[in-house]
Amino acid sequence: MLLKNGTMYDHVGNQVTRDILIENGRIKKLGKNLQAEGHETVECEGKWIFPGFVDLHVHLREPGFEAKETIETGSMAAVKGGFTTIACMPNTKPVLDTPEQIRYIHEQTKKSGYAHVLPIGAITKRQLGEELNDFESMQHEGVLAVSDDGVGVQSSWMMKQAMIKAQELGLPVVAHCEDDTLIQGGCVHEGSFSEKYNLRGIPSECEAIHIGRDILLAEQTGVHYHVCHISTKESVRLVREGKKNGIKVTAEVSPHHLLLCEDDIPGLNTNFKMNPPLRGAADREALLEGLLDGTIDFIATDHAPHTEEEKAKSMELAPFGIVGLETAFPLLYTHFVQKGIFTLKQLVDWMTVIPADRFGLDKGRLTEGGPADITIVDLHKVQDIDPNQFASKGKNTPFAGWRTSGWPVQTIVAGELVWSEEQGFSAGNEK
Ligand SMILES: NC(=O)N[C@@H](CC(=O)O)C(=O)O
Ligand SMILES: [Zn+2]
Ligand SMILES: [Zn+2]
């Protein structure tokens, strides 16, 4: 395949116009006036060509919760959103806590996936926090990291054992940070919204207390410790301090925590219920500052689809989580790049090369010889977010109706055009 005349960043970050020749799933050549003979040509004039986006925090729900999402529908949502590599969390049924479960994800991806899917294995058996899994045997089948995402690892001792083992094996520990004793049945942030609606709140320290503990344990064990969906100003402060002290701590932030705070929740609407909850305005400011100063390493969506029936429940009873794959780039582009808060280069780096580098993946760059995972974006395309148009089974977004620019129009995974605005989806990358 030959991509003609696309705009891209070169290796030093300058904006250039280039052709990209793709062969055997790799970028064969990057240059000007490349020859098209025998190659399918895609005209990209006026469009941006980015490395395929990388999202290291996604819930694909398979096995066990196929009514919410499957590897097929979740990876369709991914490529439609411009993501070519996604990591899936182990809070499925059964939990991804054995080598057989990890192999199952790889097999299902081969059969029905549209993007590269990197499974994350659970830290503890059935994510119950009681017994450490066999990381080595899961690693043998190919896991990106270990995590009990969905719940925090309550026991400090258990977390320490996990870190010791993960450090030995070179696996990152990816942490959902939440102290169960501080949740107290909370369903939203403990702040002005919880007060106004008389709901139980989840206080900020519920997250930060785990991060503080884990950074101390990471210092002792030397493991790569990664904080999921960071949401409070205290958490940002702790990560900043940890980094300053040379501790191997990284952090991700979700688009919704950058875009929204508790003041934006329009009443008892469960599409604004997620974990961690939307925090205060000062927290949101601290997240932006942390991302801009490098305390927070990159962006991850925490795509968490649920059925409409589940989300139709009350604020207290509905499950936590919102979808994110199909809206992340346009939302962040519209609200931060167009407004001059981020540069386009920063945003793209936070969604490509930085997550890839932090987790040692050969992804996130456009280089000769590198993988042909590519996202073509029309920055001028304006569209209202419409959940009914999502490829994801999850329609649970707080952003319905938001007018946004910067939509992916074509996505290439391992050299195959897996989705285009005009033709829709074609067979998954490994089919
Ligand atoms: N983020 C959420 O609100 N929900 C996630 C779990 C998680 O990421 O902790 C889910 O699995 O639904
Ligand atoms: Zn989580
Ligand atoms: Zn999650």
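**Exercise 1.** Determine which residues valine 173 is in contact with, leaving aside its neighbours within four places in sequence.

*Solution.* Take two residues as in contact if their C-beta atoms, placed from the backbone, lie within 7 Å. With neighbours within four places in sequence left aside, valine 173 is then in contact with Ala145, Val146, Ala162, Met163, Ala166, Val223, Tyr225 and His226. Next, place valine 173 in its core: of the 118 residues in the largest nonpolar core, Ile49, Val146 and Val173 touch the most other members. Such a core is a set of buried Ala, Val, Leu, Ile, Met, Phe, Trp, Tyr and Cys residues joined through C-beta atoms within 7 Å, where buried means that 20 or more other C-beta atoms lie within 10 Å of a residue's own, against 12 or fewer for exposed and partly exposed in between. Apart from the largest core lies another, of 7 residues, including Cys187 and Phe272.

The model is predicted, so that local features need pLDDT of at least 70 and side-chain atom pairs count only at pLDDT 80 or more, whereas totals for chains, interfaces and linings use all residues. Residues are numbered from 1 along each chain as its sequence is written, while chains are lettered from A and ligands numbered from 1 in the order in which they are written.

**Exercise 2.** State which residues surround ligand 1, and how they divide into nonpolar, polar and charged.

*Solution.* Counting a residue as near if its C-beta atom, placed from the backbone, lies within 6 Å of the molecule, one finds His59, Asn91, Asp149, Gly150, His176, Met274, Asn275, Asp302, Ala304, Pro319, Phe320 and Gly321 around ligand 1. The shell divides into 4 nonpolar, 6 polar and 2 charged residues, with Gly counted as polar. The unreviewed UniProt entry lists His57, His59, Asp149 and Asp302 under "binding site"; although these are spread over 246 residues of sequence, they cluster in space, the largest C-alpha distance being 10.0 Å.

**Exercise 3.** Decide whether aspartate 149 and aspartate 302 are buried or exposed, and locate both.

*Solution.* Aspartate 149 lies in the loop between β9 (146-147) and α4 (156-169), and aspartate 302 in the loop between β15 (298-299) and α10 (308-311), where helices (H or I, at least four residues) and strands (E, at least two) are DSSP runs numbered from the N terminus. Aspartate 149 is buried because 24 other C-beta atoms lie within 10 Å, and aspartate 302 counts as buried because it has 28 C-beta neighbours inside 10 Å. Beyond four places in sequence, aspartate 149 touches Met89, Asn91, Val174, His176 and Cys228.

Conventions:
UniProt positions are given in the numbering used here, feature names are shortened, and annotations may be inferred rather than shown by experiment.
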